[in-house]
Amino acid sequence: MIESKYDFDLDMVNTNSLSLIINQIKRGSTVLEFGPANGRMTKYLKEALDCKIYLVEIDEKAGKEALRYGEDLVVDDIETFSWMKRFETIRFDYITFADVLEHLRDPEEVLIQAKSLLKQDGSILFSVPNLGHNSVLINLLNHEFEYTKVGLLDNTHIHFFTKNSVEHAMNRTGLTVAKRFATYAPVGATEIETTYQAVAGIDESFWKLRPYGDIYQFVYEVKKGAEFVEETENYIKSGTHPYYIQIFMSQGDGFTEDMARTYPVEDTKGLQKLEFDVPERVRSIRIDPLNSPCMVEMVEASDQIGEEKKPLHYMEGNDAYHDKDKYIFTTADPLTVYAPAEGRRFHHVTFVFRYVTIDALMVHGIAEYFQGIWEYMQNEYKKHEARLEEKEAQYQSALREISALKAENEVLRDRVNVVSGSLQELLGSTSWRFTSPLRKIGNIVHRRKG
């Protein structure tokens, strides 16, 4: 059952299933270790904690390597229960199943039998992979289920566990949970290749907020019964808080991580409020409201100057669209930058805002909607601008015509004035009066002819 692929160095620096199990074991304890492989944990228990370790291993070669640090070894399949006879006279402080139970046909029966070898206050410590990890479910929704060489879907696993199935198994075996632990790995950080965006129609925020979805392994400490449990502890988080807000401050030389503050977002439904004093030399503040696409309503961005709160000056941002206090960010790294309310310095700054939505699909949909409206308005503006230019050209042409007509009218008026002046001069002249009788005779003759 146990092959060389399980032979790797023990990591006691980072949190993993082995380190979580080892950290529960007291110095000088007597331990029964199932599936030690080559003895990476056995060695640590012996050399660092001075424990006496008894071993059960199916692989003879690996078991003999582990026995260098152990007291005795049974080389056999765990489910033959030959170890029960071998160790029937020993009572153990701890019995460990580190990544072992998933390899068994009937892990519950093994736990029941092992329980009889515990001291009254002894503990069973075990770790199992979480079949309910987001990576597994994402692939299942895409009709994928492929065994791997190691990990959640190790090709030697014949039993699978979820959070609830572990709890139900403990009830059936009569074991009482004392402590719960877990190791965590987000999608993309496991041996299963997939992404949060792999299922069409399901936003990545669903996966990131899904309870227990990023738990890679469950690690439990259980007792023979409730009467042997002095205190219970639950270190399992129902979900990580994958969202956070960041504040950056600049003294005029750009924004850097060394002047950044990160605030986890534990409730995406309520108001987010950040309040802090600002060093004197800071010239601008950048707030990244979320590490995800979002639509944000900025309720307050102010500076307390003396007894008065004054609004900060918005400088710039990478929003796809914003109107007054509403911002739509389609990038996973949204940001807005503010300058002091007055003068060149900040004092006591307050930011209050809320998320209208953090659903990336909805955010992009809203952004596309407003983009559509914007493009429509731009096109309409261009059409009206073209019509205005046309009318303006017609107006200017009409003005030129009017101006030309006015000029012609002025010329005609001058000519009329000249003729009128000549006529008046003629009517007032002596010759006009002298020829008056002749004009009268001419008129009489003209009438008679007519």
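Reader: What makes β13 and strand β14 (residues 308–311) a pair?

Author: Two strands count as paired if at least two bridges are found between them. In this predicted model, β13 and β14 have four bridges, in the antiparallel sense, so by the cut-off of at least two they pair. One residue to look at is Ser-302, which stands opposite Pro-311 in β14.

Reader: What is special about Gly-306 in the hairpin of β13 and β14?

Author: Gly-306 takes a positive phi near 65°. The hairpin there has two residues between the strands.

Reader: Which other strands pair with β13, and in what sense?

Author: Strand β17 (residues 326–329) pairs with β13 in the antiparallel sense over four bridges. Strand β19 (residues 348–357) is also antiparallel to β13, over nine bridges. You can follow this from single residues: Cys-294 has Phe-329 as its bridge partner in β17, and Ser-302 stands opposite Thr-350 in β19.

Reader: How do you know that strand β13 (residues 294–305) is mostly covered?

Author: Nine of its twelve residues are buried. Cys-294 has a relative accessibility of 0%; buried means under 20%, so Cys-294 counts as buried.

Reader: Why is Cys-51 called buried?

Author: The same cut-off helps here: buried means under 20% relative accessible area. Cys-51 is at 1% relative accessibility, and therefore counts as buried.

Reader: How many disulfides does a search of the whole structure find?

Author: Zero. A disulfide would need a pair of cysteine sulfur atoms within 2.5 Å, and the search of the whole structure finds none.

Reader: Why is Tyr-147 called partly exposed?

Author: Its relative accessible area is 44%. Buried means under 20% and exposed means over 50%, so Tyr-147, at 44%, is partly exposed. You will find Tyr-147 in the loop between α6 (134–141) and α7 (163–173).

Reader: What makes the nonpolar surface patch that includes Tyr-147?

Author: Leu-140, Phe-145 and Tyr-147 make this patch, which has an area of about 280 Å². A patch takes residues with over 30% relative accessible area; Tyr-147 has 44%, so it passes that cut-off.

Reader: Which strands are called edge strands in the open sheet of eight strands, and why?

Author: The order is β3-β2-β1-β4-β5-β7-β6-β8, with mixed pairing. The edge strands are β3 (72–75) and β8 (233–234), each of which pairs on one side only.

Reader: How do you know that β6 and β8 pair?

Author: Strand β6 (residues 176–184) and β8 share two bridges in the parallel sense. The cut-off is at least two bridges, so two bridges are enough to call them a pair. In β8, Asn-234 is the bridge partner of Arg-180.

Reader: Which residues of helix α2 (residues 40–47) are buried, and what covers them?

Author: The buried residues of α2 are Arg-40, Met-41, Thr-42 and Leu-45. Their cover includes the helices α1 (17–22) and α3 (60–66), along with the strands β1 (30–34), β2 (52–57) and β4 (92–98).

Reader: Stepping back to the protein chain, how many helices and strands does it have, and what share of its residues count as buried?

Author: Happy to step back! The protein chain has eleven helices and 19 strands, and 43% of its 450 residues count as buried. Its accessible surface comes to about 25200 Å², with 51% belonging to carbon and sulfur atoms. Among contacts with a separation of 6 or more, residues 24 or more positions apart account for 72%.

Notes
Residues numbered from 1 in each chain as written. Predicted model: local features only at pLDDT ≥ 70, side-chain atom pairs only at ≥ 80, totals over all residues. Heavy atoms only, no water. Buried < 20%, exposed > 50% of the residue type's maximum accessible area, 1.4 Å probe, protein only. Contact = heavy atoms within 4.5 Å. Patch = residues over 30% accessible without salt bridge, like charges linked within 9 Å, V, L, I, M, F, W, Y side chains within 5 Å. Areas by Shrake-Rupley, 256 points an atom, 1.4 Å probe, with all protein chains shown as cover. Salt bridge = Lys/Arg side-chain N within 4 Å of Asp/Glu carboxyl O.
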